[in-house]
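Visitor: I'd like to understand the labels people put on a structure like this one. Can you show it to me and take my questions?

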Amino acid sequence: MSTFPEDAPIYGPFFGVMGAASAIIFSALGAAYGTAKSGTGIAAMSVMRPELIMKSIIPVVMAGIIAIYGLVVAVLIAGNLDEPPKYRLYNGFVHLGAGLAVGFSGLAAGFAIGIVGDAGVRGTAQQPRLFVGMILILIFAEVLGLYGLIVAIYLYTK
């Protein structure tokens, strides 16, 4: 006979922990890819136009923000973890969903920021009028991660 009720099994917090881990792992992977890919574009561009280096850092900053989204959700989830029977299976599933939402959307946003940042920085070195277009595309890529953050916070509050 188990001492835990059916809606609060011993393995319930596992899903919450995996949600917190997924939030930071996948969003950090996206941010790392975006930073690395944009960084190689900046390095290649800076050989020809070193005066544009600071202006070209924008994709790297935007990629870093993606990791912050995952960090916020991971800390929220981790702060709400508790031992069973206080932590129910429902909470674990909701926290897993929240972590996966922000993590995978952060991964996708990081990929988009990296690819656009690399091509945009290299293109801006050749044609400076491309800069505004690059920024607009980066904003649309960044907002993908923000959508995941919004969904994750909404799920977290359930």
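Visitor: What makes K55 a charge over the face of F131?

Guide: A charge sits over a ring if NZ of Lys or CZ of Arg is within 6 Å of the ring centre and within 35 degrees of the ring normal. K55 is 4.4 Å from the ring centre of F131 and lies over its face, so the label fits. Keep in mind that this is a predicted model, where local features need pLDDT of at least 70, side-chain atom pairs count only at pLDDT 80 or more, and totals for chains, interfaces and linings use all residues. Residues are numbered from 1 along each chain as its sequence is written, and side-chain values use heavy atoms, leaving out hydrogens and water.

Visitor: Why are Y11 and F15 called an edge-to-face pair?

Guide: Rings of Phe, Tyr and Trp (its six-membered ring) pair if their centres lie within 6.5 Å; planes under 30 degrees apart are stacked, over 60 edge-to-face, and the rest tilted. The whole structure has 5 aromatic pairs. In this one, Y11 and F15 sit 6.4 Å apart, centre to centre, with 75° between the planes, so they pass as edge-to-face. Ring pairs also link Y11 and F15 with F14 and F93 in a cluster.

Visitor: Why is Y11 called partly exposed?

Guide: Buried means under 20% relative accessible area and exposed over 50%, with partly exposed in between (1.4 Å probe, protein chains only). Y11 has 47%, so it's partly exposed. V61 gets that label too, because its value is 46%.

Visitor: What is the bond between P84 and P85?

Guide: It's a cis peptide bond, with omega about 5°. Most peptide bonds are trans.
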